Amino acid sequence: MLALLLPQRCVVCEAGGSQLCAACRDDLLRLEPPLCARCGAPVAWPVERCRECAGRRIAFATARAAVGYDEAARRFVLSWKERGLRRLAAEAATLVAERLPPPAVDALTFVAADRTRRLERGHNPAERLARELGLLWELPCEPFLERVRGGRQRGATATERRSVRGAFRALTTAPFRVALVDDVYTTGATASAASTTLRAAGARRVEVVTFARALRRI
């Protein structure tokens with residue numbers, strides 16, 4: 001009855017049937033090697049640091065994503081984050097688990113949301129993704145961070161995105177090895193700022209895991 005009253009449509013192509021149709025799921029741009037060993041950017045050949053992350057002080061050990069942030073992924077993430085289709089978090093987690101092996105960590109955590117943005121959305125997409133991944137990977141998921149300032153990233157310039165230093169505070173001691181989960185890796189600034197806080201709280205290795213990753217010609 002609910003399906004008749006509120007028929008589902010694919011968030012990418014708007015075809016009826018499901019929130020992400022099989023064709024659009026298959027067409028999402030999977031990230032394949034070679035990748036930068038540090039930040040996970042697609043590269044022409046294997047490198048320890050690519051032009052995107054070389055020369056930058058990055059607090060995390062590695063960053064990996066399941067798909068490239070192309071137009072299809074953008075529509076998926078927008079529907080998940082801004083249109084309230086929270087069940088897409090489980091779909092995103094399944095795609096991540098299909099592409100990435102479970103990280104060798106003691107726990108998962110997530111990028112804390114700005115309080116205003118969380119109230120606007122009614123949820124924290126990064127937290128929902130992390131908790132779904134915790135179930136799939138059989139790893140504990142704990143809130144180790146809170147955001148003390150900043151948070152609106154959509155539409156910000158690269159310089160503005162990198163000005164998130166000091167945006168997080170640790171809620172408790174972090175485990176020795178932790179995976180930091182977020183929905184999209186854009187410049188890496190937010191991930192690095194959160195990783196800096198986790199390391200100050202006791203973590204010695206932080207691995208970043210995201211659903212999607214922005215792609216650049218560099």
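This briefing describes the fold of a single chain, its central sheet and the helices around that sheet.

The model is predicted. The chain holds 8 helices and 6 strands, and 49% of its 218 residues count as buried. Of the 6 strands, 4 form an open sheet with parallel pairing, in the order 1-6-5-2.

**Overall composition**

- Read from the N terminus, the succession of elements is α-α-β-α-α-β-α-α-β-α-β-β-α-β.
- Among contacts with a separation of 6 or more, 73% join residues that lie 24 or more positions apart.
- The chain has an accessible surface of about 11400 Å², and carbon and sulfur atoms contribute 51% of that surface.

**The parallel sheet**

- In the sheet order 1-6-5-2, the edges are taken by strand 1 (62-68) and strand 2 (107-110); each has a single partner strand, so one side of each remains without a neighbour in the sheet.
- On average, neighbouring strands of this sheet are turned by 25° against each other, direction ignored.
- Strands of a sheet pair through backbone hydrogen bonds, in either a parallel or an antiparallel manner.
- Strand 5 (residues 177-185) and strand 6 (residues 205-213) run parallel and are joined by 8 bridges.
- Within this pairing, Arg177 stands opposite Arg205 of strand 6, and Val181 stands opposite Val209 of strand 6.
- Strand 1 also runs parallel to strand 6, with 6 bridges between the two; Val67 has Ala212 in strand 6 as its bridge partner.
- Strand 6 is mostly covered, with 8 of its 9 residues buried.

**Helices packed on the sheet**

- Helix 3 (residues 71-82) packs on the sheet and touches strand 1, strand 5 and strand 6.
- The direction of helix 3 makes about 105° with that of strand 5; this angle falls within the 65 to 115 degree range and is therefore roughly perpendicular.
- Helix 6 (residues 125-137) lies across strand 2, strand 5 and strand 6.
- Helix 6 runs at about 165° to strand 2; because angles over 145 degrees count as roughly antiparallel, this description applies to the pair.

**Helix 3 against helix 4**

- Two packed helices are described by the angle between their axes and the distance between the axes.
- For helix 3 and helix 4 (residues 88-99), the angle is about 135° and the axes are 9 Å apart.
- Helix 3 and helix 4 are therefore oblique to each other.
- On the helix 3 side, the contact involves Phe76, Ser79 and Trp80; these meet Leu88, Ala89, Glu91 and Ala92 in helix 4.

**Helix 8**

- Helix 8 (residues 189-200) has 12 residues, which at 1.5 Å a residue should span 16 Å; the end C-alpha atoms are 17 Å apart, so the two values agree.
- Helix 8 is mostly covered, since 9 of its 12 residues are buried, that is, under 20% relative accessible area.
- The buried residues of helix 8 are Ala189, Thr190, Ala191, Ser192, Ala193, Ala194, Ser195, Thr197 and Leu198.
- Gly202, just after helix 8, takes a positive phi of about 125°.

How values were computed:
Residues are numbered from 1 along each chain as its sequence is written. This is a predicted model: local features need pLDDT of at least 70, side-chain atom pairs count only at pLDDT 80 or more; totals for chains, interfaces and linings use all residues. Side-chain values use heavy atoms; hydrogens and water are left out. Two strands pair if DSSP finds at least two bridges between them. Axes are lines fitted to C-alpha atoms, for helices over the stretch in contact, and angles run from 0 to 180 degrees between N-to-C directions. Contact means heavy atoms within 4.5 Å. Buried means under 20% relative accessible area, exposed over 50%, partly exposed in between (1.4 Å probe, protein chains only). Accessible areas come from the Shrake-Rupley method with a 1.4 Å probe; for residues, only the protein chains shown count as cover. The expected span of a helix is 1.5 Å times one less than its number of residues. Angles under 35 degrees count as roughly parallel, over 145 as roughly antiparallel, 65 to 115 as roughly perpendicular and the rest as oblique.
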